[in-house]
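Reader: Hi! I'm new to reading protein structures, and I'd love a close look at one part: the salt bridges. Could you walk me through where they sit and how covered up their partners are?

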Amino acid sequence: MNSSGTTATAELGLRLVVPDRTAVPLVARLDYTADDPYAIKVAFHTGEDEPVEWIFARELLTVGIVRPAGDGDVRVWPEAGDGERTINIALSSPFGQAQFDAEVTPLAEFLHRTYEIVPAGQEGDYVDLDAEIERHLQA
């Protein structure tokens, strides 16, 4: 895991859950920055030229470690099995659906680092709302 004062990056091993087949291993790159304190960008490396990117609410992943969270396009829930605890992530879009599982420990370590960068409840201190509104008005 890499991190500086305002960013954190990690690679997370995932398994794509494929019905009636063995799970397919892949890697996702997690990126967090204080410039966008509510979000975590996840780039799924699927073997294609470009990774598939999704933006997750940091709180969604945090809550999903301990109880089911999310609605609609993104759902996250824990699973206690034999050995390592895992987290399940289900994604849905007009282009299809996918479900992944990953070990909780590396994800929890990454999330912990993000909360060291921007503590829970202090995200608003890192967002310049006037600049964000201006940016959206100009688009």
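Author: Happy to! One definition helps before we begin: a residue is called buried when its relative accessible area is under 20%, exposed when it is over 50%, and partly exposed in between. Keep in mind too that this is a predicted model.

Side chains of opposite charge can pair when their charged atoms come close. A search of the whole structure turns up 4 salt bridges, and we can visit some of them here.

Let's start with Asp 101 and Arg 15, whose side chains meet at 2.8 Å, N to O. Asp 101 belongs to strand 9 (residues 96-103) and Arg 15 to strand 2 (residues 7-16), so this salt bridge ties together parts that are 86 residues apart in sequence. Arg 15 has 30% relative accessibility, so it counts as partly exposed. Its partner Asp 101, at 15%, counts as buried.

Next come Asp 31 and Arg 29, joined by a salt bridge of 3.0 Å, N to O. Asp 31 has a relative accessible area of 18%, which makes it buried, while Arg 29, with 35%, is partly exposed.

Finally, look at Arg 58 and Glu 123, where the N to O distance in the salt bridge is 2.7 Å. This pair links distant parts of the chain, 65 residues apart: Arg 58 is in helix 1 (residues 58-64), and Glu 123 is in the loop between helix 2 (104-117) and helix 3 (129-138). Here both partners, Arg 58 and Glu 123, are buried.

How values were computed: Residues numbered from 1 in each chain as written. Predicted model: local features only at pLDDT ≥ 70, side-chain atom pairs only at ≥ 80, totals over all residues. Heavy atoms only, no water. Helix = DSSP H or I, 4+ residues; strand = E, 2+ residues; numbered from the N terminus. Buried < 20%, exposed > 50% of the residue type's maximum accessible area, 1.4 Å probe, protein only.
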